[in-house]
Each structure stands twice: as structure tokens, then as C-alpha cells.
Amino acid sequence: MDFFLKENSDFSAFSIQHLWVVFLCICFGTFLILCTNKQNKRTQSIIGNIFAFSIAFTVVLGTLVKIYKGNFNFQEDLPLHLCSFLGLTIPLLSVTKNFVFYEVFFFLIIAGTLQSLITPDEYNYLNFPFFRYWFVHAGLVIFMLFATFIYKMRPSIKSVGKSFLGMQVYMVCMFVLNYFLGSNYFYTNRKPNATTALDLFGDWPQYVFVVELFIIPYFLLIYLPFYLTRKKN
């Protein structure tokens with residue numbers, strides 16, 4: 001148990017380790033979607049709920065483990081970073097099948113959480129933090145693909161604006177919270193310590209404004225395959 005909970009820095013981004021982890025996530029997501037697609041709607045809904053609540057439970061469990069180990073820090077370990085927050089709230093989409101939730105979550109997860117798989121900021125390996133990070137982040141991406149192919153949801157051009165608006169509301173809330181807590185949730189005060197795409201956008205506060213400028217074109221790029229498919233149909 002101590003080995004499983006003890007943190008390390010044995011993971012190397014952009015290495016064979018990284019590639020096989022991503023490969024396994026792709027295999028798991030493909031297997032889950034293909035197998036679920038053969039089931040009836042009731043079973044599909046049950047599988048989706050189990051998957052979504054498993055992601056949320058893992059987020060909560062990660063916080064509880066920090067408390068258990070005695071190194072919980074409210075400035076860093078509350079589940080308020082975007083991916084953790086989305087992990088907590090993803091059951092709302094699974095249970096309600098509400099299209100607005102899908103619209104907002106889709107672009108935030110594909111644009112943001114997917115980037116966390118490409119440039120991970122977690123360097124633990126084969127321990128609980130490692131499995132928590134990859135199950136939550138990869139799980140969110142897989143679940144949005146699950147909702148797209150199993151629940152038959154598709155974003156529209158209006159979804160881009162709704163997701164952007166949802167991001168602004170979340171960012172303002174984090175700015176306010178960070179001001180009072182002295183924290184850095186959603187990286188509004190400084191970039192993460194690990195190498196990420198934010199390193200391309202300059203120092204604070206420049207990278208915040210650059211992301212704001214690029215986010216809608218990025219969302220539109222993600223939407224492009226859906227637009228082309230609709231146009232063809």
C-alpha cells in the first residue's frame with residue numbers, strides 16, 4: 001500500500017512509457033465504445049453511468065488519499081482544476097443526457113483534457129497518482145466520444161459559443177477563488193511547473209490573453225469534421 005500511494009517522478013513524457021500509456025487508453029476507449037454499441041439503450045445508459053461515476057469517484061478518491069496521507073493543501077489539491085472539475089460533473093451528462101451539458105463539456109474536454117494527455121503534467125508512474133491522472137483525463141476524452149457515438153449527440157456551431165461562455169464563467173470563478181485562497185486553479189496566476197502547451201504562449205499574464213484569442217479558432221477546428229459531415233449529408 002505504501003508503494004502504491006508513495007509519489008515518485010519515474011514517468012517521462014514523450015517517451016516509450018508515454019506512448020504505451022496512450023496506446024492502452026486508445027485500446028480501452030475503442031473496446032468500450034464498440035462493445036457498448038452492440039447493447040440496447042438501457043444497457044448503454046447503465047454502462048455510461050458506471051463509467052461517468054467511476055471518473056467522478058476517482059477524482060474524489062484522489063482528494064481523500066491526499067487527506068489520508070496528511071499532505072492535503074487546499075491551495076493545490078481541491079478538485080477545482082478544469083479536468084478534476086469536469087470529472088466531478090461528468091455524471092450530470094451521463095444521467096440527464098442533457099444536450100447543453102454535452103455542448104459545454106465537449107469542446108472543453110477535447111481541447112483541454114486531450115492536451116493533458118499529449119503534454120501530461122503528472123510524472124508519477126505505476127502508483128495511485130499515475131492511475132488517477134490517466135483514468136480521469138483519458139476517461140473524460142473517452143466519455144465524450146462515448147456520448148458522441150453511443151448517445152448519438154453531435155455539437156453544432158452554436159455549441160462552440162456555449163462552450164466558450166462556459167469556460168469564461170469557470171475562469172472568472174477561479175480568478176475570484178484564487179484571489180482569496182492564494183491558489184492557482186485553472187492556472188490563472190501562473191503556468192504549471194511541467195512542460196505544457198502554455199509554455200508556447202509567454203509568461204503570465206500574456207498566456208492568459210493568448211489562450212483567450214486562440215480558443216474559439218481551436219474550438220472551430222475541432223468542430224470542422226462535424227461541419228463537413230453535416231454538409232456532405
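**View 1. Lys-97 takes a positive phi of about 55° just after α4.** The model shown is predicted. Lys-97 lies in the loop that links α4 (82-96) to α5 (99-118). This residue counts as partly exposed because its relative accessibility is 28%, a value between the limits of 20% for buried and 50% for exposed.

**View 2. Surroundings of the Lys-97 side chain, with its polar contact to Ser-45.** The side chains of Lys-97 and Ser-45 are joined by a polar contact of 3.1 Å. When residues up to four places away in sequence are set aside, Lys-97 touches Ser-45, Leu-92, Tyr-151 and Met-153. Phe-74 stands 23 residues from Lys-97 along the chain, and the C-alpha atoms of these two residues are separated by 32 Å.

**View 3. Helix α4, with a bend of about 40° at Leu-88.** A proline, Pro-91, follows Leu-88 within four residues. The end C-alpha atoms of α4 are 21 Å apart; this agrees with the expected span, because 15 residues at 1.5 Å a residue should also cover 21 Å.

**View 4. Buried residues of α4 and the helices that they pack against.** The buried positions of α4 are Leu-82, Cys-83, Ser-84, Leu-86, Gly-87, Thr-89, Ile-90, Pro-91, Leu-93 and Ser-94. These buried residues pack against α3 (41-69), α5, α6 (128-149) and α7 (157-181). Pro-91, the proline that follows the bend at Leu-88 within four residues, is among the buried residues of the helix.

Definitions and conventions:
Residues are numbered from 1 along each chain as its sequence is written. This is a predicted model: local features need pLDDT of at least 70, side-chain atom pairs count only at pLDDT 80 or more; totals for chains, interfaces and linings use all residues. Side-chain values use heavy atoms; hydrogens and water are left out. Helices (H or I, at least four residues) and strands (E, at least two) are DSSP runs, numbered from the N terminus. Buried means under 20% relative accessible area, exposed over 50%, partly exposed in between (1.4 Å probe, protein chains only). Contact means heavy atoms within 4.5 Å. A polar contact is a pair of N or O atoms within 3.5 Å; within protein, one must be able to donate a hydrogen and the other to accept it, and residues adjacent in sequence count only if both atoms are side-chain atoms. The expected span of a helix is 1.5 Å times one less than its number of residues. The bend at a residue is the angle between axes fitted to the seven residues ending there and the seven starting there.
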